[in-house]
Amino acid sequence: MLVSPSLLSADFSQLENECKRIERCGADWLHLDVIDGVFAPNITFGVPVVKALRDKTKLVFDLHLMIREPLRYIEAFAGAGADFITFHLESESDPQATIEKIHACGLKAGVALKPKTPLEAALPYLDMADMILVMTVEPGFSGQSFMADMMPKLKALSELCAGKGKYIQVDGGIGKDNIALVAENGANVAVSGNSVFCAENPQEVIRHFHRY
Ligand code: DX5
Ligand code: ZN
């Protein structure tokens with residue numbers, strides 16, 4: 001399991017130090033939740049913050065856009081230093097055009113599904129996308145409870161993607177108590193906010209996740 005700690009659970013007054021701390025703790029990627037207050041009910045950060053952090057860490061920048069019209073902002077986030085850009089299939093932008101734009105910028109593309117969105121919505125894009133994100137909470141905030149009822153969707157997705165080398169990401173409420181469950185159901189990238197950033201020993205939590 002790859003581990004992508006969510007910066008949304010970091011100390012926002014210390015973002016540079018927080019990136020460096022989580023890198024030293026063995027994180028594989030850094031998950032950056034961009035929320036616009038319209039697509040989801042929170043406002044986090046945007047292009048300038050991503051850009052300011054880019055040279056503070058070598059971690060892969062795994063952007064999770066929870067914004068309206070993501071296609072409009074792909075070039076700006078690519079220029080800011082994103083490695084992966086994941087956008088929501090429930091946003092207004094045409095998914096195929098958005099994936100093509102992300103690839104044209106030289107980045108990996110992810111498509112995300114809110115809990116109520118059926119897997120069928122992602123089927124036309126499975127071949128094009130590098131990553132599929134199954135949300136296990138409603139987008140917006142760290143620290144929400146994991147939705148175990150997303151496991152059939154995750155399992156069906158991982159069966160469809162078997163042998164295709166796709167990243168299958170889960171995001172929301174992931175911790176030591178459910179990492180085995182999401183691994184069994186086919187996830188290979190775990191996003192984790194509170195369970196990693198707020199842990200007394202993040203290194204130990206990341207090592208634990210790496211066993212799956
Ligand atoms: C929620 C975000 C998540 C969140 C995860 O909208 O997409 O990445 O920060 O935080 P935890 O792991 O605390 O649920
Ligand atoms: Zn996220």
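Here is a short exchange about ligand 1 and an aromatic pair in this predicted model.

Student: Which residues come nearest to ligand 1, of the 19 around the ligand?

Tutor: Happy to start there! The shell around ligand 1 divides into six nonpolar, two charged and eleven polar residues. Of the 19 residues around the ligand, five come nearest: Gly-140, Gly-143, Asp-171, Gly-173 and Gly-193.

Student: Which strands each supply at least two residues of the shell around ligand 1?

Tutor: The space that ligand 1 takes is the largest pocket. Each supplying at least two residues of the shell are strand E2 (29-35), strand E3 (60-66) and strand E8 (189-192).

Student: How much of the area that ligand 1 exposes when taken alone does the protein bury?

Tutor: Let's look at some polar contacts beforehand. A polar side-chain atom of Ser-6 is 2.9 Å from an oxygen atom of ligand 1, and a polar backbone atom of Gly-140 lies 2.6 Å from an oxygen atom of the ligand. For Asn-194, a backbone N or O atom is 3.0 Å from an oxygen atom of ligand 1. Taken alone, ligand 1 exposes 380 Å², and the share of this that the protein buries is 99%.

Student: How many residues apart in sequence are the parts that the pair of Phe-12 and Phe-45 ties together?

Tutor: Good one! The whole structure holds four aromatic pairs. The ring centres of Phe-12 and Phe-45 are 6.1 Å apart and the planes are at 50 degrees, so this pair counts as tilted. Because Phe-12 lies in the loop between strand E1 (2-5) and helix H1 (15-24), and Phe-45 in the loop between E2 and helix H2 (47-54), the pair ties together parts whose separation in sequence is 33 residues.

Conventions
Residues are numbered from 1 along each chain as its sequence is written. Chains are lettered from A and ligands numbered from 1 in the order in which they are written. This is a predicted model: local features need pLDDT of at least 70, side-chain atom pairs count only at pLDDT 80 or more; totals for chains, interfaces and linings use all residues. Side-chain values use heavy atoms; hydrogens and water are left out. A residue is near a molecule or strand if one of its heavy atoms lies within 4 Å of it. A polar contact is a pair of N or O atoms within 3.5 Å; within protein, one must be able to donate a hydrogen and the other to accept it, and residues adjacent in sequence count only if both atoms are side-chain atoms. Accessible areas come from the Shrake-Rupley method with a 1.4 Å probe; for residues, only the protein chains shown count as cover. On a 1 Å grid over the protein atoms alone, a cavity is a set of points where a 1.4 Å probe fits but cannot get out, and a pocket is an open set with protein on both sides within 12 Å along at least five of seven lines; lining residues have an atom within 4 Å of a point. A molecule sits in a cavity or pocket if more than half of its atoms lie within 2 Å of its grid points. Helices (H or I, at least four residues) and strands (E, at least two) are DSSP runs, numbered from the N terminus. Ala, Val, Leu, Ile, Met, Phe, Trp, Tyr, Cys and Pro count as nonpolar, Asp, Glu, Lys and Arg as charged, and the others, Gly among them, as polar. Rings of Phe, Tyr and Trp (its six-membered ring) pair if their centres lie within 6.5 Å; planes under 30 degrees apart count as stacked, over 60 as edge-to-face and the rest as tilted.
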